[in-house]
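Please open the structure in your viewer and keep the sequence panel in sight. The tour proceeds by selections, and each stop states what to look for.

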Amino acid sequence: MKRPTFASAVAGCIAVAAFVTDQATKALVSANAEALAGGLGVLPGFNLVLHRNSGVSFGMLSDVSPFILVALALVIAAWLAVLAFRTERSSDAVGYGLILGGAIGNVADRVRFGGATDFLDFYIGESHWPAFNLADTAIVFGVVVLLFWPRLHLRGQNEAT
């Protein structure tokens, strides 16, 4: 069996940090549910709210059993953990760690509450982006890192030659 690399340790640390940060912010939001019931204006264009999302991104698949969503998320998380363990590149490890920590954060909510706890509400005028949480943010940033960080690195190498 392959020994863990520095990159896989980075992925593990980032996954744990993303998970802990996500769960801590959700606990804080849940503890202040009454104050957030009608939304709490923070800045123009940004509110804190409390919303349980029984589906996945943007509420899609909300009619699917939470058990199926949890099982699917765990299969994906296991696959990501294998990729994170095998990677040699730190950039990939960062991406996998962010996605893994975010995915496990939302799975924990689904198991405990039947849906993900969303609380970040951005809007322009009367148009609101669907509420989301730090787990979702970690997942999106993880995908961005996986897609674009290697390209930036290669571009920097090409410019140096």
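In what order do the four strands form the open sheet, and is the pairing parallel or antiparallel? Select the strands to see the answer: the order is β1-β2-β3-β4, and the pairing is antiparallel. At the edges of this sheet are β1 (40–43) and β4 (127–128), each of which pairs on one side only. Please bear in mind throughout that this is a predicted model.

Next, select β1 together with strand β2, which covers residues 46–53. Three bridges join these two strands in the antiparallel sense. To examine one pairing, select Leu 40 and its bridge partner in β2, Leu 48.

Now display the whole protein chain as a cartoon. It contains five helices and four strands. Following the chain along the sequence, one meets the pattern α-α-β-β-α-α-β-β-α. Of the 161 residues in the chain, 36% are buried. If one takes the contacts between residues at least 6 apart in sequence, 70% of them join residues at least 24 apart. Switch to a surface view: the chain exposes about 9,700 Å², and carbon and sulfur atoms supply 70% of that area.

The next stop concerns annotation. An unreviewed UniProt entry places the feature "transmembrane region" at residues 67–86, 93–111 and 131–149. Select residues 67–86 and note that this span is 100% helix and 0% strand, with its end C-alpha atoms 29 Å apart. Then select residues 131–149, where the span is 84% helix and 0% strand. Its end C-alpha atoms lie 27 Å apart.

Proceed to helix α5, residues 134–160, and select Val 143 within it. Is Val 143 buried, partly exposed or exposed? Val 143 counts as partly exposed because its relative accessibility is 36%, and this class lies between under 20% for buried and over 50% for exposed. Add Val 140, Val 144, Leu 147 and Phe 148 to the selection: with Val 143, they form a nonpolar patch on the surface. Together these residues have about 410 Å² of accessible area.

For the last stop, select helix α1, residues 6–31, and find Thr 21 in it. With a relative accessibility of 41%, Thr 21 is also classed as partly exposed. Finally, add Gly 102 and draw a distance between the two C-alpha atoms. Thr 21 and Gly 102 are 81 residues apart in sequence, and their C-alpha atoms are 9.5 Å apart in space.

How values were computed: Residues numbered from 1 in each chain as written. Predicted model: local features only at pLDDT ≥ 70, side-chain atom pairs only at ≥ 80, totals over all residues. Heavy atoms only, no water. UniProt positions renumbered as here; feature names shortened; annotations may be inferred. Patch = residues over 30% accessible without salt bridge, like charges linked within 9 Å, V, L, I, M, F, W, Y side chains within 5 Å. Areas by Shrake-Rupley, 256 points an atom, 1.4 Å probe, with all protein chains shown as cover. Salt bridge = Lys/Arg side-chain N within 4 Å of Asp/Glu carboxyl O. Buried < 20%, exposed > 50% of the residue type's maximum accessible area, 1.4 Å probe, protein only. Contact = heavy atoms within 4.5 Å. Pairing = 2+ DSSP bridges.
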